[in-house]
Every structure is written in structure tokens, then in C-alpha cells.
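Here are some short exercises to try with the structure open in front of you. Have a go at each task before you read its solution.

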Amino acid sequence: MSCNPAIGGQSKGQIAREIDALGGEMGLNTDKTGIQFRMLNTKNGPAVRAPRAQCDKKAYQLRMKLIVESQYLLDVKQAMIEELVIEQDKIYGVITSIGMRYDADAIIITTGTFLRGLIHIGESKIEAGRSAEPASIGMSVNLKKLGFELGRLKTGTPPRLNRRSIDFSKMDIQIGDKKPSYFSFRTTPMFHVEQLPCYITYTTEKTKTIITKNLHRSPLYSGNIQGIGPRYCPSIEDKIVKFAEKERHQIFLEPEGRLTDEFYLNGASSSLPEDIQLDVVHSIIGLENAEIMRPAYAIEYDYSLPHQLHATLETKLIEGLYFAGQLNGTSGYEEAGAQGIVAGINAALKIKSKKQIKFTRADSYIGVLIDDLITKSTEEPYRMFTSRAEYRLQLRQDNADIRLTKIGREVGLVNDTQWNLFSKRKQLIAEETARLLHLREDSLTYSELLRRPEVSYQSLPKANLSLPIDVQEQVEIQIKYAGYISRDLEQIQRFTQLEEKQIPSWIDYEKIPSLRFESRQKLIRYRPDSIGQASRISGVTPSDVTLLLIWLKKAETNQDL
């Protein structure tokens, strides 16, 4: 898992369910190893509701390891890759640190934080991709040599505390939902697990004083860290400095698993020296006598600027080479998983000489994520939010299967069991929606009644309460928000027209007259695959897009250019 033993949350929960709908393993593994389940934003509209789960970190890792090792026709090897084998801009294999060569028609690189990873704890620096795990140095050198534009990012992790040394009586308890909302559409509702609580506490004025006095010992403020950190997940030092007016900051204590006393101090990532970290921890309510089992640290690592990718996640420089995860500048386990499944699908399709799949902003959060990366690139760790999705009412967590299971089936990831479950659910939703359309109460149909804000599906006189809860909820959402959904679909249709207008690879932007200099430079650098992508590149104006369309039309009709 990532350092935080959790899956989901706002927008990330939507991504996790999309991965599941495609046939991925993340949702199932979360449900099997989860220790607390919550549905967030339940008082708000369905567009922003999202599942979140705490997982047993070791159980998650070991179960996923077994799933991978048991996968039919998959060989699992462990080695440090030092070099890519490239001939005529095409990938042919990799070479390990001990000289072993593995040939392949497609390669996916997912380096996480290991690419020239450098850990900072106060004045100490350790070359590592994660605590006690060696960094990947040769791969970074090789990618630069091949012509890839690399940058430097930073992230961090908080200290882990011993449960026995924590005074939970001074904290607010946070328990899971009585009826868990599971991640996988394949998890049976009868599946039950005993949930563990999390806790909420706060920093104090003493916390602020300790950190302020010791900022010079933080590599983030002493100048030792050059990489750019995540704006939306700041370190405790950043919080104290950038939000100096706040009297306190919220901290979450989350268990790392069932068979460990380690607690994760969410919201307190740091790069301060360990002795100062201990003082900071002791200044937090309920942690006055807390024991640090593992100190916090910051980590710098290399990444590849993602405008160098196609929407398939194949690199533009090297055919058959795919990048995924934090290598592309993203922050977060769900964002990495989404890129991993897309790169995996497309690498397999390429080997089979089949058309690769491009997810769009209109069909998934996965599409929003990839499109943001390749059209805007990123100079800071990218994190997904619901606000990034223009069509978030369409891209809900509850309908991820309706949107994406067909794609998973077509590429061979969705087996018969998952397909049959999906088909049955879809049929029940369609039948009940049709029934409510014709069933009447006085002069109104049940559909018209259900559109009223105060009316829920279960309050209808003739509601079919024997239907699964998720089917009832889906029927209610589709009917209540039909007008908004219809309006979104019209916008999506216009969006799709621009996405389908492809830009040929041979186009020479230098030859297009009247194109503004900034737009010309951006188009040359980003090399968009479609007019839609071009329109979303920062600095490319609507008039530039119009010029581009005219130029392409002339090229298609063989007019004099």
C-alpha cells in the first residue's frame, strides 16, 4: 500500500470503483482486508459521495501479492532495472543491475518514489525509494539519456506511534458505517467484518512554538529539499507556516492493521529531526507520552513530465514504452492504480495489434486524470478532486460499473461471474425505472413523485423493497437527476465531437500561418492527439483551435497549404 493505510475518499473513491468496474483487483482487495468503511459526503448530492476504507496494510499487501503470483501466464521476477533496450525508437527489453536481459514487446515503468529517491530526516539524507528500500539510480540516468524531460518532486510521511502509549480518552472517536459501503461491485452485501475505530485530535499552541523555533532544522525550509511538494497534503511545518492564523490543526490517528500496535498520524507528515518530531508529537492532545515507533520523513524523487505521453500512456518518444503512477507526477495510490490498469490494458492491446483504449473526461475520472496530465502536465504532485471533473454528475461512484464494465469485458478483464452480476443489476435498474414510469398515484406517475426533493424511493407506497439497496439507490438517482443528466449528455456530445477529431502526427505547426507564437510553442511541445486535447492546453486560445481546424480541413481536401 501507500504510506497511508487507506483507500478512497473524495474523487479517489470514484477512481477505485472505476478500477473495479474494469476488472481490477483494488476494490476486492480493499473489501477483503478493510478494517473500517465509511461513505463520505452522504448529506450532499450523489456527485460528491465517495467511499473510503481503512485497510490492514500487511494483509492488503500479502493478499495482493498472492493474487499477482497466482495470475495465469504471469511470471514474477525481482531485480533492479538499470537500462532500457531501445532500437530505432522502439522498446525491446530491459537490462538488470547484474546484466540479465529480459526481452519484451512492451514495457510499463511504474517507479513510485524510487527514481533517485532521497529521504530527508532533519540534516540526515538517505538514498532510498522508501524507508530501508534502495533507490533506483540507473533508470533515471537512462531516461534522461533517451531524451525524456525529468523533474523533481517531494512528498512525505508522518511518524508511526505505539498504541499503548496513546491516551485515546482525550480524543474524538471516529467509527465506520453500520452498513459498510464496499468498493467492489463483486462483494456480496452479506460479507461482514468487525471494524476498528479511528480517532481525531488536534495540535496546540505548543506545537506551533516548537515547529517555529526549529524551522531552520527542517530541510524543507533550510534549502536542502529542491523538489516541489503536494499543495493539498502539506507537511506539519507547512501548515504552521502557511496557516499561521489557525489556533490548531486536525490530526487523525489511524490503525495500521489488526495485528500491530502501530498507528498512523495522518496530517503530521514532517522532515524535522527525530528529536524535534518527538517534541512535536508530545505537544499534541492525547499524545503527551506517545512513543514513536518509526519517524516521519520527506522524500524527493524524479518524475517524467507527463505531456510526453499519449492518452494511452504510451510515451511519444519510444514506441511500446508506457509510464504509470508517480513517475507521471501524480500523488496518491488510487491515481497510480488507475494509470497502472490503463497502461496494462493498452500494452496488452498493442502486443495483440489491437486498437488501444483512450479514456475521456466524459466517461471516467480515470479519463479526467490522464487528460489533465497530458494536456496540462504538472510541476507539483497531481491529486484528483471532484472539482476537476466537468461531468461529475455522470461520473459518480455508484454508476462506475454502468460506465466501464463493458470496456473491461471487451478487453478480457471482466470474467463471466462479474459480467453476470453486472448484467443482472443493470436489468433490475431498467425494469424498476420503467415500472415507476407507468405506475400512478392519482394524476402523477411514481417517477414524477420521486423527482420531488422530499420523496425518497423507499417512501413510495409501492416501492419494491426486496430489490438490493444499491439498485434502489441507482433508480432514485437516475430519476431525481434526469434533467441535469440529460443536460450533461448534450454537453458531452459536443465534447466528443472535438475528441474524435484527430490531429495527424505529421502536422507541422511551424507552417500554420497566423498561429500565435505561444500557441505554436505549446502545440509543438505537447503534440496533442486530438482537437479536444489541443483546446485544453494552457495558452492555446479558441481562435488558435479554429485556425487548426481550418488547416486540417485543407489538408484533408488536399488544398494548397
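A residue counts as buried under 20% relative accessible area, as exposed over 50%, and as partly exposed in between. Keep in mind that this is a predicted model.

**Exercise 1. Find where Gln88 sits, and decide whether Gln88 is buried or exposed.**

Step 1. Look in the loop between E4 and strand E5 (90–96), which is the place of Gln88.

Step 2. Take the relative accessibility of Gln88, 82%, and compare it with the cut-off: exposed means over 50%. Gln88 therefore counts as exposed.

Step 3. Now check the backbone. Most residues other than glycine have a negative phi. Gln88 is not a glycine, yet its phi is positive, about 50 degrees.

**Exercise 2. Do the same for Arg116: which loop holds Arg116, and how is its accessibility classed?**

Step 1. Arg116 lies in the loop that runs between E7 and strand E8 (118–121).

Step 2. Its relative accessibility is 34%, so Arg116 counts as partly exposed.

Step 3. Arg116, again not a glycine, has a positive phi of about 55 degrees.

**Exercise 3. Describe what the buried residues of helix H4 (residues 138–145) pack against.**

Step 1. List the buried residues of H4: Gly138, Met139, Ser140, Asn142 and Leu143.

Step 2. Look for their neighbours. These buried residues pack against strands E4 (81–87), E7 (107–109), E10 (150–157), E17 (297–304) and E18 (321–323).

Step 3. Move on past the helix: H4 is followed by Gly147, with a positive phi near 105 degrees.

**Exercise 4. Work out how helix H12 (residues 416–438) and helix H14 (residues 469–480) are oriented to each other.**

Step 1. Two packed helices are described by the angle and the distance between their axes. Here the axes come within 9 Å and cross at roughly 50 degrees.

Step 2. H12 and H14 are therefore oblique to each other, and H12 passes H14 in a right-handed crossing.

Step 3. Pick out the contact residues. From H12, Arg425, Leu428, Ile429, Glu432, Thr433 and Leu436 meet Asp470, Val471, Gln474, Val475, Gln478 and Ile479 of H14. Sorted by type, the residues of this contact are 6 nonpolar, 3 polar and 3 charged.

**Exercise 5. Judge how compact the chain is.**

Step 1. Count the elements: the chain has 18 helices and 20 strands.

Step 2. The radius of gyration is 25 Å, close to the 24 Å from the globule rule for 561 residues, so the chain is as compact as a globular protein of that length.

Step 3. Finish with burial: 52% of the 561 residues count as buried.

Notes: Residues are numbered from 1 along each chain as its sequence is written. This is a predicted model: local features need pLDDT of at least 70, side-chain atom pairs count only at pLDDT 80 or more; totals for chains, interfaces and linings use all residues. Side-chain values use heavy atoms; hydrogens and water are left out. Axes are lines fitted to C-alpha atoms, for helices over the stretch in contact, and angles run from 0 to 180 degrees between N-to-C directions. Helices (H or I, at least four residues) and strands (E, at least two) are DSSP runs, numbered from the N terminus. Angles under 35 degrees count as roughly parallel, over 145 as roughly antiparallel, 65 to 115 as roughly perpendicular and the rest as oblique. A crossing is left-handed if the near helix is turned anticlockwise from the far one by less than a right angle, and right-handed if clockwise. Contact means heavy atoms within 4.5 Å. Ala, Val, Leu, Ile, Met, Phe, Trp, Tyr, Cys and Pro count as nonpolar, Asp, Glu, Lys and Arg as charged, and the others, Gly among them, as polar. The radius of gyration is taken over C-alpha atoms; the globule rule is 2.2 Å times the number of residues to the power 0.38. Buried means under 20% relative accessible area, exposed over 50%, partly exposed in between (1.4 Å probe, protein chains only).
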